[in-house]
Amino acid sequence: MVTKSLNNIWIRRQQCPCGDWKCYIKYEGDDQTTIGSQLVKRETSSLSSSEVFTPYVGQIFKSDDEAFEYYSNFARKTGFSIRKARSTESQNLGVYRRDFVCYRSGFNQPRKKANVEHPRERKSVRCGCDAKLYLTKEIVDGNTQWYISQFSNVHNHELLEDDQVRLLPAYRKLQEADQERILLLSKAGFPVNRIVKVLEIEKGVQPGQLPFIEKDVRNFIRTCKKTVQENDALLTEKRENDMLDLLEACKGKAGRDEGFVYNFTTGENGKIENIAWSYGDAIRAFTFFGDVVTFDTTYRSITHSMLLGVWFGIDNHGKAIFLGCVLLQDESAQSFSWALQTFVHFMRGRRPQTIVTDIDSGLRDAIVLQLPNTKHVISIWHILSKVSSWFSLPLVLQYEEFKSEFDVLCHLENIEDFEHQWNHLVARFGLGSDKHIALLFSCRASWLFSYIRGYFLARTLTPEYSKSVDTFFKSILSAQTSSLVLFEQVGTAANFGYQSQGELQYMPIKTCLPIEEHARSIITPYAFSVLQHEIVLSMQYAAAEMANGSFIVRHYKKMERESLVFWMPEDEQVHCSCKEFEHSGILCRHSVRVLVLKNYFEIPEKYFTLRWKLESSLVPVDHPITQCSNDECSQAFHSLTATLFSESLISKERFSYVHRELTHLLENVRNMPANDEVTMNLAPNNVSES
């Protein structure tokens with residue numbers, strides 16, 4: 001018997017961390033639930049998103065699939081659906097003709113009746129409709145194209161209105177998320193009619209307005225039950241074979257690369273349950289950037305029921321770097337404990353200072369057990385991605401207002417302010433008995449800024465870092481990612497964090513303060529851009545010295561809470577109440593303001609942490625653009641621009657002329673082609689003064 005190939009589809013974990021089996025997560029902003037759906041789904045042609053015109057003889061398409069999609073869109077708009085009829089092929093051209101016809105084309109052939117007493121007669125929808133579109137393939141200048149050779153839009157039946165045509169079988173679709181939800185409700189004992197009502201309520205649609213009907217749900221459940229019964233042994237065998245292939249790949253890799261490490265567990269039956277691996281480069285990277293680790297457990301496999309976990313660090317260019325990978329048989333605290341214990345072993349006993357995860361009770365318990373001295377932070381992005389699923393339905397029209405206030409509350413700096421405003425928020429929107437509000441409040445010390453601002457996070461909660469993590473997952477997950485293919489794709493993608501050389505760039509000075517010039521030569525362009533932003537903003541702050549040597553630093557417009565900065569000259573220490581340095585490893589604007597006030601021309605060495613220094617780079621730092629920052633060029637430009645600025649202010653005519661010419665010059669420079677080679681003989685020796 002020939003068995004059907006089974007795709008290993010990866011989806012975001014949808015079970016809600018509140019523990020209620022009836023509650024699931026639809027991630028805000030996700031149109032597709034699965035990575036597989038995103039990658040397998042055909043790219044919609046530009047014609048499908050714009051107005052679809054009536055097909056005509058001679059119309060050309062790049063492929064037969066594009067033509068079918070075009071005709072299908074036209075059919076839906078017109079009031080019918082289509083199906084593929086015959087195809088014709090030759091030895092030289094392969095398939096050179098495709099016939100698409102109306103769904104009511106032809107007549108049903110009488111079937112041989114089963115030997116039963118009362119055979120069921122089914123009425124056919126086919127009525128000999130002659131509407132059709134025939135395609136023919138041709139090769140023009142070596143390129144294959146398809147053109148419409150015959151077309152008829154004459155129907156011998158009534159065409160349907162829009163509210164009827166959507167119910168035709170060709171247009172009724174069960175999305176991946178709906179399938180997961182239907183199976184969950186079915187396993188819980190919900191009848192089909194009740195499942196449909198639950199989905200209507202959850203999606204906020206009127207009865208009968210789902211993109212499928214009750215019959216589709218019933219057929220899906222019946223098919224799944226039959227498939228599970230038929231394929232249960234096949235699925236189990238495929239998973240076991242996949243894991244064995246992965247283990248063999250790990251053994252082979254370890255034999256070729258002595259830096260590669262792996263570990264696995266087996267069950268009572270000797271079958272592999274969990275497996276984890278890492279690379280020598282990742283272990284070396286951990287020595288520099290292992291202070292903060294993100295453990296992302298967002299995805300799991302539908303087919304193999306395996307949870308994927310990936311460890312990331314953040315390098316001194318602000319990018320996510322791969323540190324390790326694990327496949328777990330379940331989401332229990334025991335499995336997470338093994339994963340964390342294995343990771344620490346891979347990293348030669350070193351533990352991170354802070355670990356960032358999703359909200360998960362099993363994972364939280366495992367961290368307490370295995371990493372008792374590590375700060376645990378729940379990513380605010382994971383929290384915000386669930387807010388819509390949790391509160392949009394119960395709050396309905398009040399949801400947008402709630403979300404706006406919730407966002408403000410998340411970033412409050414003071415714990416007392418949070419406690420007060422949280423109670424006010426809960427009371428105002430009537431959420432006192434809501435289980436998700438209770439969940440958020442119970443773990444508030446792990447995700448709210450007012451609680452975690454003193455934890456070192458090295459800017460892992462920025463949108464840019466989160467985006468680089470998503471980029472990694474998109475590069476390794478596809479609709480048919482077997483465990484072995486996953487291993488190979490991880491090995492390829494794991495190098496992306498070490499190829500940051502293109503990120504090195506020359507950063508111009510903005511303030512001419514000596515501390516800015518000094519910082520640029522020590523830390524990476526990424527870290528310098530963050531510090532430079534703080535230096536620029538520090539100029540908008542006033543500092544008032546107190547009797548005990550501390551400073552009250554506030555914005556000149558008093559737009560935000562004042563900060564208290566302690567200055568200890570004997571140790572050259574500066575501490576700010578905003579705790580930005582403790583949080584990111586980069587000095588805040590308030591501390592910079594005090595240093596400038598104290599006539600510091602260089603930031604004390606202790607405030608340049610090793611993780612942000614150029615010398616910590618995983619790529620060579622002698623890149624020509626980096627060398628450019630030695631600053632003959634910079635000094636020449638500063639001298640010229642300072643002179644130009646003072647001369648242009650003498651008269652309005654001079655200022656207008658300089659402004660006009662500089663605008664024109666800037667436009668010309670931007671239009672010049674970029675050159676990878678940076679020549680350094682542009683220095684002041686080649687600049688003549690008039």
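Start by selecting Leu184, which lies in helix α5, residues 176-187. This is a predicted model, so everything you see on this tour is computed. Is Leu184 buried, exposed or partly exposed? Its relative accessibility is 26%, and because the partly exposed class begins at 20%, Leu184 counts as partly exposed. Now add Ile195 to the selection and draw a distance between the two C-alpha atoms: they are 9.8 Å apart in space, and eleven residues separate Leu184 from Ile195 in sequence.

**Zoom out to the whole chain**

Show the protein chain as a cartoon. You will find 24 helices and 17 strands among the elements of the protein chain. Of its 690 residues, 45% are buried. If you take contacts between residues at least 6 apart in sequence, 62% of them join residues at least 24 apart.

**The five-strand sheet**

Next, bring up the open sheet whose strands follow the order β2-β6-β5-β4-β3, with antiparallel pairing. Which strands stand at the edges? They are β2 (60-61) and β3 (82-90); each has a single partner strand, so one side of each is left without a neighbour in the sheet. Follow β3 to its partner β4 (residues 94-102): the two pair in the antiparallel sense over seven bridges. To see one such bridge, select Thr88 and its partner Arg97 in β4.

Keep the sheet on screen and add helix α3, residues 64-78, which packs on it. This helix touches β2, β3, β4, β5 (132-140) and β6 (143-152), and its direction makes about 155 degrees with that of β3.

**Strand β8 and its two partners**

Move on to strand β8, residues 272-278. Six of its seven residues are buried, so β8 is largely enclosed by the rest of the structure. Add strand β7 (residues 261-266), which pairs with β8 in the antiparallel sense over six bridges. Here Thr265 stands opposite Asn274 in β8. The two strands form a hairpin with five residues between them. Pause in the turn at Gly270, where phi is positive, at about 80 degrees.

Then add strand β11, residues 320-328. It pairs with β8 in the antiparallel sense over three bridges, and Ala276 stands opposite Val326 in β11.

**Strand β12, with parallel partners**

Select strand β12, residues 354-357, and show its side chains. In a regular strand the side chains alternate between the two faces of the sheet. Thr354 and Val356 point one way from β12, while Ile355 and Thr357 point the other way, and all are buried.

Strand β9 (residues 292-301) runs parallel to β12, joined by three bridges; look for Val293 opposite Ile355. Strand β13 (residues 375-378) also pairs with β12 in the parallel sense, over four bridges. There, Thr354 stands opposite Lys375 in β13.

**His382**

Now click on His382, in helix α11. Its relative accessible area is 16%, and because buried means under 20%, His382 is buried. What does His382 touch, not counting residues up to four places away in sequence? Its contacts are Asp296, Thr298, Thr357 and Asp358.

**Three helices in succession**

Stay with α11 (residues 380-395) and add α12 (residues 399-410). Their axes lie 10 Å apart and the helices pack at an angle of about 150 degrees. That makes α11 roughly antiparallel to α12, and the crossing is right-handed. On the α11 side, select Ile380, Ile383, Leu384, Val387, Ser388, Phe391, Ser392 and Leu395; they meet Tyr399, Phe402, Phe406, Asp407 and Cys410 in α12. Colour the residues of this contact by class and you should get ten nonpolar, two polar and one charged.

For the last stop, add α13, residues 415-428. The axes of α12 and α13 come within 11 Å and cross at roughly 170 degrees, which makes α12 roughly antiparallel to α13. Glu401, Phe402, Glu405, Phe406 and Leu409 in α12 meet Phe418, Gln421, Trp422, Leu425 and Arg428 in α13. By class, the contact of α12 with α13 has six nonpolar, one polar and three charged residues. Finally, highlight Phe402 and Phe406: both appear in the contact of α12 with α11 and in the contact of α12 with α13.

Note on methods: Residues numbered from 1 in each chain as written. Predicted model: local features only at pLDDT ≥ 70, side-chain atom pairs only at ≥ 80, totals over all residues. Heavy atoms only, no water. Axes fitted to C-alpha atoms, helices over the stretch in contact; angles between N-to-C directions. Parallel < 35°, antiparallel > 145°, perpendicular 65-115°, else oblique. Left-handed = near helix turned anticlockwise from the far one by under 90°. Contact = heavy atoms within 4.5 Å. Nonpolar A, V, L, I, M, F, W, Y, C, P; charged D, E, K, R; others polar. Buried < 20%, exposed > 50% of the residue type's maximum accessible area, 1.4 Å probe, protein only. Pairing = 2+ DSSP bridges.
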